[in-house]
Amino acid sequence: MNTVRRLIFRSVISHVGFVTLAFSALFFFIDFVEELQDLGHRQYTLVDALWTCLFLQGAHFYDLFPIALLIGGILALARMAQTSEFTILRTGGLGPGRALGLLAVLGASAAMIMVFVGNWYVPWSEAQLALHRAKFSSRQGLNLGHGGTWLRERREVPGSGFHNITVNVGAANSQGEFGNVRIFEFDARGRLIRRLAADKVHVEALGNATTASGSIWHMENVLDTRWTSHDLVGEQAVLEGSKIIAETRQTTMDWQSSLTPLVVSASVLPPETMSTAALWRYTQHLATNAQAAQRYEIEFWKKTFYPLVCMVMVALALPFAYLHARSGGMSLKIFGGIMLGISFVLINHISSHLGLLHQWQPWLAAAAPSVIYLLLSMSAFIWLVRYR
């Protein structure tokens with residue numbers, strides 16, 4: 001049985017490795033050609049373009065590896081069926097259950113690779129890519145788009161009840177360092193009582209960075225605006241000489257917050273580049289502060305179930321080992337299998353958008369394509385074993 005295992009594993013792994021390498025080389029070439037147009041701009045050199053393309057490979061691998069696993073698996077198993085190797089293995093005692101178990105081991109191993117890549121390598125490579133590109137950007141930071149990103153927190157003030165704090169981050173310069181930050185404080189009755197505007201902020205965690213329950217915001221060039229009286233407005237305020245707005249400028253200022261650096265960093269990153277743990281923490285923060293969290297919940301469940309896509313891909317490839325090459329049309333069948341796998345990837349991406357649009361349960365929107373295609377592949381496998 002060890003000989004059979006080595007034969008199948010070696011054939012599948014070699015084909016998957018070749019397809020993965022081919023896809024990686026293709027996308028590296030496409031990225032490199034695209035980066036060539038920026039050569040010479042802000043001292044952007046050929047070496048910098050190569051580094052950019054290398055950092056992009058992490059996200060490309062995470063997206064393409066399931067497809068490479070499917071294509072490599074189909075090519076390997078179809079070739080074994082065409083040369084009658086798999087038929088010989090079946091006559092030697094390789095039953096359907098044993099074959100399914102062997103490919104399940106390969107799928108589980110591929111799923112573990114996807115867990116590592118999605119939770120550690122991709123976030124690291126995306127962070128390095130953002131820092132690398134910031135060196136040559138006129139903004140010297142990550143572009144957060146029009147309006148930046150918004151965060152909320154509730155803070156209990158003795159004698160005043162709960163105050164709502166709204167934070168707007170306009171730019172992200174590096175990890176833990178942000179620019180164009182505005183902080184709005186509202187009292188228990190919803191009235192604006194304070195506004196802080198800082199050109200640059202460094203967020204320092206209180207305690208351990210991963211288990212921090214709060215942070216200190218070290219702000220530079222701060223404009224502190226306070227609304228000292230809400231009861232006196234208009235002519236009455238003028239007659240009594242009350243100053244409604246008081247403004248002070250400070251070179252540096254420290255502000256304590258319950259928003260940790262991990263939460264702030266998560267808010268400025270695209271959900272696709274965040275790890276599963278970071279997505280979980282950020283969804284909990286959004287739910288606690290009554291903010292819409294469905295987009296991040298769908299992405300969390302999608303990233304949680306994404307390694308299982310590898311199991312779906314090997315399950316889709318398995319029926320090709322039971323096709324009869326002599327009946328003809330093997331190339332067309334292989335092409336159909338590849339198209340089926342590509343359709344799964346497309347539907348898997350579309351389902352998250354449909355779930356967000358139609359307010360589906362996040363776990364359902366993330367898991368439905370995998371379950372449907374897994375049942376489809378197992379049905380085809382059972383039919384081929386029983387009737388072919």
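## Tour: helix 9, the cores and a pocket

Select helix 9 and colour by burial: Val309, Cys310, Val312, Met313, Val314, Ala315, Leu316 and Ala317 are buried. The model is a predicted one. With 8 of its 9 residues buried, helix 9 (residues 309–317) is largely enclosed by the rest of the structure.

Keep Met313 selected and add Ile8, Leu94 and Tyr322. Within the largest nonpolar core, which has 49 residues, these four touch the most other members. Next, show the elements that each give two or more residues to this core: helix 1 (2–35), helix 2, helix 3 (85–91), helix 4, helix 9, helix 10 and helix 11 (362–387). Helix 2 provides the largest share, 12 residues.

Now centre on Tyr322. Neighbours within four places in sequence aside, Tyr322 is in contact with Phe86, Arg90, Gly95, Pro96 and Ala99, and also with Phe381, Leu384 and Val385.

Then move to Leu151, Met219, Met253 and Ala278, which are among the 30 residues of a second, separate core.

The last stop is the second largest pocket, with a volume of about 420 Å³. Select Pro271, Glu272, Glu299, Lys302 and His349: of the 19 lining residues, these lie nearest the centre of the pocket. Which helices should be shown around this pocket, each supplying at least two residues of its lining? They are helix 2 (46–82), helix 4 (96–134), helix 8 (294–305) and helix 10 (330–358). Helix 8 gives the most, with 5 residues. Colour the lining by residue class to see 8 nonpolar, 4 polar and 7 charged residues.

Note on methods:
Residues numbered from 1 in each chain as written. Predicted model: local features only at pLDDT ≥ 70, side-chain atom pairs only at ≥ 80, totals over all residues. Heavy atoms only, no water. 1 Å grid on protein atoms, 1.4 Å probe; cavity = no way out; pocket = protein on both sides within 12 Å on 5 of 7 lines; lining within 4 Å. Points joined across faces, edges and corners; volume = space filled by probe spheres on them. Helix = DSSP H or I, 4+ residues; strand = E, 2+ residues; numbered from the N terminus. Nonpolar A, V, L, I, M, F, W, Y, C, P; charged D, E, K, R; others polar. Buried < 20%, exposed > 50% of the residue type's maximum accessible area, 1.4 Å probe, protein only. Core = buried A, V, L, I, M, F, W, Y, C linked by side-chain atoms within 4.5 Å. Contact = heavy atoms within 4.5 Å.
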